[in-house]
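Let's take a walk through this protein together, with the model open beside the text. We will begin with one side chain and follow the contacts from there.

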Amino acid sequence: MGKVPKNGTDYYRERNLKNMDRIDRLLDELPPFCEDFLRGIESRTSVLTRLNYCYDLRIFFDFLVRKKFRGKKEVGTLSLEDLESVTDTDLEIYLSYLSNYRFGDKHLSCDERAKARKLSSVRSMFKYFFNKGLIEVNQSTKVATPKLHEKEIIRLEGDEVSTLLDTAEYGDGLSSHAAGYHEKTKVRDCAILTLFLGTGIRISELVGLNNESIDFSNNSFVVTRKGGNQAILYFSEEVGDALGAYLAQKENDTKVPPEEHALFLSLQYRRISVRAVENLVKKYAKIVTPLKKITPHKLRSTYGTALYRETGDIYVVADVLGHRDVNTTRKHYAAITEDHRRSVADAVKLHHSEDDA
């Protein structure tokens, strides 16, 4: 019996199955009641959200047995009564602890955003058991969320975009080791970078694309958004040319397995991984902008900013990027107001000439 072709849905299903396996393993490191919590929120959360809860709660319960219970209890023996005994002061101490802590053999530190996320995970758990009537108090509501300062929006400017694509095409500045692979990967890498910069696609959406996802008759492609919903996005002729060149190269490559439907392939002729895409973006970006830490998400920000500049319509940007809440878009592209401030810098005159009178 032949191998069943993979489609985009299969990719996300396989990813979810792997994450569910990770959750099962992490539950062995958490108190028994955490399994009830995760089961209770399953219908309204994604697998990835629950996995992140597990990672965050693992840190929280390690803190409790170390600092609150002073080694007198183990994580696996903690009960809901122990959870109920956690005070708002304990949680404030926890947030302070996250600035400089050890977990296993690692020395770690959380910034304000990581602290806010970890507090949110703990709050979700407290809220669940409080609403179920399994604990009588929810002290987590008394703890203030760490104040989040606006992050500097890092993105590429117009000339940097052109230089990045040229670097991917010609390989200027690559190390001798990287240059050895460049001839094999340059068409693929150009297609990936062009797709990021020309559509604002998420890295998970890009990795999940298949050959069948692309429709050149309409210059469109189907992506699976967060939460599993599918959407149709459109691309320019420039993006289409880069994708077409890559697909043509694949068609002429006899090593491409006929049963592999993934659009972007690794050198091993399997679906390219998220890590590999992150590394290729980093490889080219550090040549072009060594002082900017450019990631696939920063390329998405670059596209979002350029689209907002062209349209001036935050709702269009939100729709194209797949943001459910336009405030998410505003937050990410708030730095665009710099352009507005610059454009009105000369609007108010302090010294008026007679001609102005």
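Is Arg39 buried, partly exposed or exposed? Keep in mind that the model is predicted. Arg39 has a relative accessibility of 48%, and because exposed means over 50%, Arg39 counts as partly exposed. Its partner is Asp36: the two side chains meet in a salt bridge, with 3.1 Å from N to O. Asp36 is partly exposed too, with a relative accessible area of 36%. Both residues sit in helix α2 (residues 33-40), and because they are three residues apart, about one helical turn separates them. An α-helix has 3.6 residues a turn, so residues three or four places apart point the same way.

A similar arrangement can be found in helix α3 (residues 47-68), where Arg66 and Asp62 lie four residues apart, about one turn of the helix. These two form a salt bridge in which the closest N and O atoms are 2.8 Å apart. Here the partners fall into separate classes: Asp62 is buried at 14% relative accessibility, because buried means under 20%, whereas Arg66 is partly exposed at 40%.

Helix α3 also holds Lys68, which forms a salt bridge with Asp90, the closest N and O atoms being 2.8 Å apart. This pair links distant parts of the chain, since Asp90 belongs to helix α5 (residues 88-97) and the partners are 22 residues apart. Lys68 is partly exposed at 28% relative accessibility, while Asp90 is buried, with a relative accessible area of 13%. Back in the first group, salt bridges that share partners join Glu35, Asp36 and Arg39 into one network. In total, the count comes to 16 salt bridges.

Now turn to the loop between α6 (112-131) and α7, where you will find Thr141. Thr141 is exposed, with a relative accessibility of 58%. In sequence, 18 residues separate Thr141 from Arg123, yet their C-alpha atoms are 7.3 Å apart in space.

Next comes a stretch of surface. Val222, Ile232 and Tyr234 make a nonpolar patch of about 300 Å². One of these residues, Ile232, is found in strand β5 (residues 230-234).

From the surface we can move to a pocket. Which helix gives the most to the lining of the second largest pocket? The pocket has a volume of about 360 Å³. Of the 21 residues that line this pocket, Val161, Leu197, Gly198, Tyr303 and Ala306 are the closest to its centre. At least two lining residues come from each of α7 (158-170), α8 (176-199), α10 (237-251) and α12. The helix that gives the most is α12, with seven residues.

That makes α12 a good place to finish. The helix covers residues 296-311, and its 16 residues, at 1.5 Å each, should span 22 Å because the expected span is 1.5 Å times one less than the number of residues. The end C-alpha atoms are 23 Å apart, which agrees. Many residues of α12 can be traced inward: its buried residues include Pro296, Leu299, Arg300, Tyr303, Leu307 and Tyr308. Among the buried ones, Tyr303 also appears in the group closest to the centre of the second largest pocket. Just after α12, Gly312 takes a positive phi of about 65°.

Technical notes
Residues are numbered from 1 along each chain as its sequence is written. This is a predicted model: local features need pLDDT of at least 70, side-chain atom pairs count only at pLDDT 80 or more; totals for chains, interfaces and linings use all residues. Side-chain values use heavy atoms; hydrogens and water are left out. Buried means under 20% relative accessible area, exposed over 50%, partly exposed in between (1.4 Å probe, protein chains only). Patches are made of residues with over 30% relative accessible area and no salt bridge: like charges are joined within 9 Å, nonpolar side chains (Val, Leu, Ile, Met, Phe, Trp, Tyr) within 5 Å. Accessible areas come from the Shrake-Rupley method with a 1.4 Å probe; for residues, only the protein chains shown count as cover. A salt bridge is a side-chain nitrogen of Lys or Arg within 4 Å of a carboxyl oxygen of Asp or Glu. On a 1 Å grid over the protein atoms alone, a cavity is a set of points where a 1.4 Å probe fits but cannot get out, and a pocket is an open set with protein on both sides within 12 Å along at least five of seven lines; lining residues have an atom within 4 Å of a point. Grid points are joined across faces, edges and corners, and a volume is the space filled by probe spheres set on the points.
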